[in-house]
Amino acid sequence: MLQIENLTKRYGKFLALENLNLHIEKGEVFGFVGPNGAGKTTTMRIICGLLKTTSGSVFVNGIDALKQPDDIKRAVGYVPDFFGVYDNLKVMEYMEFYGSMYGMSKKDVDEISEGLLELVNLSDKKDAFVDTLSRGMKQRLCVARALIHDPDLLVLDEPNSGLDPRARFEMKEVLKNLGSMGKTIIISSHILPELSEMCTSIGIMEHGRLIANGRVDEIMQKSKGFQPIKMRAFAPDYEKEEEAKEHVSRILKEQPGVTKVNFTEDEILVSFDGDDKEAAVLLKNILEHNILVSHFYREKEDLESLFLEITGGQEDEKKDEN
């Protein structure tokens, strides 16, 4: 379905994509994972024929995305991270407007739209004005709009961005239904657990490179060796937060079995290759350095742990920025 070879994109001296190679089979639900700025959106826009590349090739169902931009736009449905709606248009008028862009008759658009609005749980809103819908409803409407011409490939850039928990759940159900229908889908997100529930395969990106790629079960198998300890710790001898973090990090890295320390927003993830008894010794050693620990437990196997291990977490990102 999708074949990408040696895809490279530069913006002046900035290298946004570096020799990206990717193959996605028909019927796959593929998740692009990575922090903001990793190259996910750039890749998606090139696939959709919206952005020129520096070098490389992209084919969707045999169509050259770089040389046949008009054909590729008929083969792909695109839901951007920031969606646009039109004031004073009702939901069905909105669908008819986009259907007309593909040369579809009003009768065909109306018939297809009925099914699509039912798919995205908006059947009761077909006579509502688009600008009166909630953000979650607008996002689901954009998914329906992207499917109006029955594309071979559906591309969604951060579809859950800015949605509340209920709207995120509703969007996830819509995407699961599409996957069960055999649609080939690419979804990007920087929230890994969301994708692991919906996708059959994922690719992890960082700094414009695809650093891991494969089926979710294969990636999960690899994650068995990455079960970090999650903890929350405080250093009362230090008044400034940054100094306390540096002290805790230094003490942790001095301990046997600790290979990496990553600070998230509210926790510390410690990559540790010891068993449970050795983890208990680690905790004892930390406490002996006058570090207060409010919780300390071994994380179960998950893709998020693998992601942090592969990418190096926030500490490594800061090093690259300096």
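Ser57 is found in strand E4, which covers residues 55-60. The model described here is a predicted one. With a relative accessibility of 18%, Ser57 counts as buried, because the limit for that class is under 20%. Leaving aside residues up to four places away in sequence, Ser57 touches Gln3, Ile4, Glu5 and Leu66.

Asp150 offers a contrasting case. This residue sits in a loop, with helix H5 (135-146) before the loop and strand E7 (153-157) after it. Is Asp150 buried or exposed? Its relative accessible area is 55%, so Asp150 is exposed, the threshold for that class being over 50%. The side chain of Asp150 nevertheless has a polar partner: it makes a polar contact with the side chain of Lys183, at 2.8 Å. As for spacing along the chain and in space, Asp150 and Ile112 are 38 residues apart in sequence, while their C-alpha atoms are 9.4 Å apart.

We may now turn to a sheet further along the chain. Four strands form an open sheet in the order E12-E13-E11-E14, and the pairing is antiparallel. Strand E12 (258-263) and strand E14 (292-298) occupy the edges; each has a single partner strand, so one side of each lacks a neighbour in the sheet. From one strand to the next, the twist averages 20°. In general, the strands of a sheet pair through backbone hydrogen bonds, in either a parallel or an antiparallel manner.

The pairing of E12 with E13 can be followed residue by residue. Strand E13 comprises residues 268-272, and five bridges join it to E12, the two running antiparallel. Which residue of E13 does Phe263 stand opposite? Its counterpart is Ile268. Likewise, Lys260 stands opposite Ser271 in E13. The connection from E12 to E13 is a hairpin of four residues.

Two helices accompany these strands. Helix H9, residues 241-253, lies across E12, E13 and strand E11 (229-234), and runs at about 160° to E12. Helix H10, residues 276-288, also packs on the sheet. The strands that H10 touches are E11, E12, E13 and E14, and the direction of H10 makes about 170° with that of E14.

Technical notes
Residues numbered from 1 in each chain as written. Predicted model: local features only at pLDDT ≥ 70, side-chain atom pairs only at ≥ 80, totals over all residues. Heavy atoms only, no water. Buried < 20%, exposed > 50% of the residue type's maximum accessible area, 1.4 Å probe, protein only. Polar contact = N/O pair within 3.5 Å; in protein donor to acceptor, adjacent residues only side chain to side chain. Contact = heavy atoms within 4.5 Å. Pairing = 2+ DSSP bridges. Axes fitted to C-alpha atoms, helices over the stretch in contact; angles between N-to-C directions.
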